[in-house]
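Me: Could you take a close look at one helix pair in this model for me? I'd like to know how the two helices cross, what they touch with, and what sort of chain they sit in.

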Amino acid sequence: MLSVREGTTLMSTEKLTRREMLKALGALAGFGALSRFLAPYVYAGASPQPPIKIGLQAHRTGIGAVYGKWYERTARAAVKVINAQGGIAGRPVELIVEDDGTDPKRGIEVVEKFALEHRVDFIFGTLFSHVVLSSAPRAGELKIPYLVVSEGYHVASGKLNRWTFQPGITDVRAQVTAIAPWIVRNLGKRIAMIFPDYAFGYDHRDFFSAAARKLGAEIVALVPIPPTETSFTKYFPRIPRNVDVIYHVMVGPAVLTFVREMGEFFGQRRPKLFGFIDSLEGVDLASPGLEYLEGSYLWEALPRYAGQYNTPWEKQYREAVGVDANGASKTDPKDVSTYSHMFGVWETLFVIKEVVEKSGYRGPKDYRAFVETLEKIEWFEEGLAHPQGPKRFVGKIHQAFGQQFISQVVGRKLKVVHRTKIEDGMYKPEADYTKQPL
Amino acid sequence: MTFVSQLVLALLEGTVSGFILALMSLGLSLVFGVMRIVNVAHGEFFMLGAVLAWWITTATGSFLAAVIVAPLAVMGMAIAIERVVLRPIRYSPGATIVATLGLLYLLQQMTLMLYGPEARAVTPPLGGTIELPWFGYARYKLVLAAVAAVLLLATWGLVRATTLGLRMRATQQDPEIAQAFGVPIHRVYRAAFALGAGLAAMAGVLVVPVQQAHYLMGLDGLLLSFMVVILGGLGSIGGTVIASFLVGWIDGIASIFFTPTVARIAASLVVALVLVVRGGGLFGES
Amino acid sequence: MPTPWRSILTLHLGILAALGLLQFVLPPFHLAMITRVLLFTTYAVGYNLLLGYGGLMSLGHAMFFAAGLYGAGLPVYYLGAGPGLAFLSGLMASLLLAALVGALSLRTTGVAFSIVTMMFGQVCYLVTISLNRITLGDQGLVLAGRLAPVRVGNWILPLNAPSVRYNLALLLLATVLLVTLWLVRSPFGRVLVALREHEERTRLLGYDPFPYRWLAMLVSGGISGAAGAAYALLFSYVGSAFAAVLYSILPLLWVLLGGAGTTLGPLIGVAFMTYAVEFASRVTSAYLVVVGLTLVLVAIGLPRGIAGGLRGRWWWLP
């Protein structure tokens with residue numbers, strides 16, 4: 001028996017009498033009923049509505065791990081901002097993250113987990129093409145909207161399905177089409193291309209060659225390199241001596257070796273270089289071995305160094321995600337971000353918000369409205385929701401188009417030298433998802 | 001570039017990669033030969049050597065420190081693994097594969113968590129290039145080759161001329177009889193495993209200024225090492241070394257004529273066919 | 001003591017029946033997971049025939065799985081083939097490959113055999129990448145929307161319906177399992193095991209190992225290819241990733257984990273690994289650490305695999 005001094009609580013160790021129990025239960029029930037009734041008034045600040053669940057298919061491990069890390073950080077930052085603004089249609093956003101190991105088989109499993117177990121409203125965030133290609137059809141079968149942040153041409157090509165969208169980032173075809181004129185005009189007409197021997201590389205090979213040839217340029221060498229290659233010196237001899245510019249896009253951890261070996265091989269006689277920041281995402285430009293890039297040019301989607309694209313929204317975005325003036329994490333200056341890709345995650349989440357609110361989406365029954373509303377959108381205005389710049393959205397091919405940047409490596413940093421217009425990259429749609437049944 | 005210059009480049013590159021491959025494969029050959037087990041995690045010792053080398057160089061500013069400390073650290077890890085994992089399963093081949101596969105996942109993931117998914121570089125301790133008439137070649141790569149050559153010779157000396165080496169060879173020939181002659185098998189196994197890991201780690205350390213340290217870098221080397229060990233013949237150090245260079249040169253030269261993918265196909269087919277024709281590899285006992 | 005085949009058969013049929021009934025209680029997510037488990041078990045059963053019974057450790061089996069995968073997927077993608085025809089095409093492709101590879105690789109044994117098969121496996125992987133204008137290499141081909149449903153009599157079974165998938169995968173596994181059981185029990189199977197256990201003695205008795213092993217490789221490759229073909233048709237994706245070394249190591253892992261030389265070992269191995277990864281990833285994002293640790297512990301605690309350990313107790317398990 002408890003002594004009186006220990007006080008009596010509602011749950012004392014003495015046997016509760018039946019009456020006391022009934023009283024307690026009654027009070028609880030009454031309170032519960034009352035609170036549900038009062039909730040909209042009492043919890044004016046907090047949202048009593050069920051959350052909107054959004055699944056992030058992240059490359060937490062595997063070759064895409066650097067991107068996956070930053071995609072997750074950006075997603076969480078965006079969710080924080082959205083929830084601070086009141087959520088989506090007044091409902092809080094709940095972000096659920098699953099790792100697909102940058103593996104196509106696991107990607108399919110993750111999509112299923114999101115749709116069948118977590119029962120999310122939307123899935124987004126996949127980057128690597130081979131994972132997108134295996135996962136998107138599954139999402140289409142499960143009839144759940146699947147918004148990728150991939151840069152690949154596959155969405156716009158019509159090969160996927162009506163449930164798959166890419167509204168937050170531009171695709172490779174548009175990118176290379178937009179920058180080809182600047183390259184040919186400023187760097188030269190005899191171009192050698194070095195690219196990875198797989199999907200992403202082929203997009204570069206095919207679309208850039210086509211665009212460059214139309215402008216009177218000549219592709220003097222095509223050098224495909226296996227993605228797992230670690231040593232590149234042996235490839236450089238394929239490049240003829242009379243080349244004006246080497247166009248290089250490399251992915252994977254071997255990039256630093258690639259640049260250094262290029263420097264060692266060509267030495268003083270080097271041709272002009274045009275590369276893609278894809279090669280250097282997550283890599284500090286001041287890394288040993290990258291001295292060779294000084295003076296060369298890189299494509300960027302969103303300039304890594306602060307002040308190069310000076311808008312108040314870019315500043316806010318950079319601040320919110322925790323990136324410093326050099327494009328690295330504020331808490332660890334050695335942790336360089338994937339700045340030209342991760343904005344896609346941010347913008348995609350805001351697209352979801354916009355479309356949910358415009359379409360009146362409340363649950364999976366309203367997927368049709370969601371899809372049709374998104375397909376009808378033609379512009380995403382620049383702002384905090386779209387810090388990379390305005391986007392033209394082409395509903396037929398579910399793809400967004402935006403501006404591109406060309407920067408020069410100066411003093412181991414990047415300075416923007418050219419900004420394309422959205423029209424520079426547009427091409428005729430080769431498919432029409434809107435005609436497909438849902 | 002002229003054909004001759006391309007050939008020179010291919011041979012140079014092939015030699016350098018041959019040396020790295022030789023170090024790694026020698027390690028595998030020792031483990032394979034003496035202990036008769038397949039260590040699927042052998043490539044991870046290579047990776048750990050590279051990652052530790054980056055860490056030590058960045059922390060102390062001295063690459064030399066990395067060269068000394070990193071392989072020793074990895075050898076320590078190997079000794080612990082031998083004691084805790086391999087001995088309890090009594091080196092049974094099937095169980096070793098499962099266990100070392102588990103180790104592979106463990107080591108990779110721990111490295112991912114502690115080191116991160118990025119690839120990080122180290123400035124070569126010796127910079128600059130040697131300017132040849134057709135192209136420049138990094139001086140460090142030549143140093144790398146020299147150091148590797150010294151290590152290979154040292155290993156050969158150890159195996160041929162020391163008691164430990166004698167014991168290892170005896171164990172490799174016939175463990176039961178060796179034991180009957182008083183060879184402390186378990187200590188030999190431990191030494192072989194540690195030495196194998198140390199050689200792989202050393203290869204990793206030497207390669208870091210040329211490539212980068214990345215948590216997945218062990219896998220590619222693993223495949224090639226297996227190829228080399230069998231091609232060269234189980235139990236033959238000389239065979240392993242020669243096979244390493246053969247593989248390096250074939251890869252390099254084939255790349256002149258074919259796309260890299262086709263070159264790899266060709267190299268793999270050559271190895272397969274050599275084995276089909278000569279089951280014991282080029283120099284080994286069948 | 002004679003092997004109680006009746007009990008063995010009953011056990012197998014019982015497990016298959018249980019799997020059949022399982023579909024009615026499984027929530028949709030796990031229904032899809034188990035469908036995959038069934039397909040990969042089929043692959044593992046094929047692999048086990050060569051490893052567990054034949055005593056030959058192939059490190060390139062992904063080539064057979066991929067042969068089935070591409071053999072079924074390419075005709076669907078480019079020629080609009082129906083599922084039945086595509087499946088047969090995949091099966092044929094893997095059988096042909098197995099015949100060829102077997103003829104070459106079986107001239108070696110032991111470790112050399114492992115490396116030769118690994119090399120051939122690599123070659124096949126590289127070919128899928130090299131012929132990227134057809135196969136789209138790493139990126140792969142998406143079959144969704146091009147597959148006609150399966151027609152059985154008056155029934156029309158669309159291949160993307162979860163229950164159709166599950167039952168087709170189960171049907172394939174059941175067939176393969178029973179075929180393997182029959183093979184293992186047959187004179188052919190017994191010679192194969194004898195060759196594994198005492199090659200010299202068996203030779204002295206007049207048996208030439210080559211045709212037995214070649215046939216084993218044929219069946220093994222064919223089963224693996226069937227699993228690959230089924231995967232392409234049921235999951236609509238064909239890509240180089242499945243021809244890579246990882247998919248050669250996985251069946252080895254599954255079989256060793258579950259217990260080589262047992263017919264149920266593969267099922268146990270696949271199910272265990274799949275769910276180990278699944279549960280681990282719910283608990284932590286570093287799930288590979290958990291998986292790695294589990295493998296090490298299982299290897300130490302159960303050196304003959306899980307089923308092998310069980311067999312220690314119930315010796316008569318197949």
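Reply: Happy to! In this predicted model, helix α3(C) passes α10(C) in a right-handed crossing. The first partner, α3, covers residues 62-79 of chain C, and α10 covers residues 209-235 of that chain. Their axes lie 6 Å apart and meet at an angle of about 45 degrees. Angles from 65 to 115 degrees would count as roughly perpendicular and those under 35 as roughly parallel, so α3(C) is oblique to α10(C).

Now for the residues that touch. From α3(C) come C:Phe64, C:Phe65, C:Ala66, C:Ala67, C:Gly68, C:Leu69, C:Gly71, C:Ala72 and C:Gly73. Facing them, α10(C) offers C:Gly221, C:Ser224, C:Gly225, C:Ala226, C:Ala227, C:Gly228, C:Ala229, C:Tyr231, C:Ala232 and C:Leu233. By class, this contact holds 12 nonpolar and 7 polar residues, with no charged ones; glycine is counted among the polar residues here.

As for the surroundings, chain C contains 14 helices and 4 strands. Its radius of gyration is 19 Å, close to the 20 Å that the globule rule gives for 318 residues, so chain C is as compact as a globular protein of that length. The C-alpha trace spans about 55 × 45 × 45 Å along its principal axes. Of the 318 residues in chain C, 55% are buried. Finally, among contacts in chain C with a separation of 6 or more, 76% join residues 24 or more positions apart.

Technical notes. Residues are numbered from 1 along each chain as its sequence is written. Chains are lettered from A and ligands numbered from 1 in the order in which they are written. This is a predicted model: local features need pLDDT of at least 70, side-chain atom pairs count only at pLDDT 80 or more; totals for chains, interfaces and linings use all residues. Axes are lines fitted to C-alpha atoms, for helices over the stretch in contact, and angles run from 0 to 180 degrees between N-to-C directions. Helices (H or I, at least four residues) and strands (E, at least two) are DSSP runs, numbered from the N terminus. Angles under 35 degrees count as roughly parallel, over 145 as roughly antiparallel, 65 to 115 as roughly perpendicular and the rest as oblique. A crossing is left-handed if the near helix is turned anticlockwise from the far one by less than a right angle, and right-handed if clockwise. Two residues are in contact if their C-beta atoms, placed from the backbone, lie within 7 Å. The radius of gyration is taken over C-alpha atoms; the globule rule is 2.2 Å times the number of residues to the power 0.38. A residue is buried if 20 or more other C-beta atoms lie within 10 Å of its own, exposed if 12 or fewer, and partly exposed in between; C-beta atoms are placed from the backbone.
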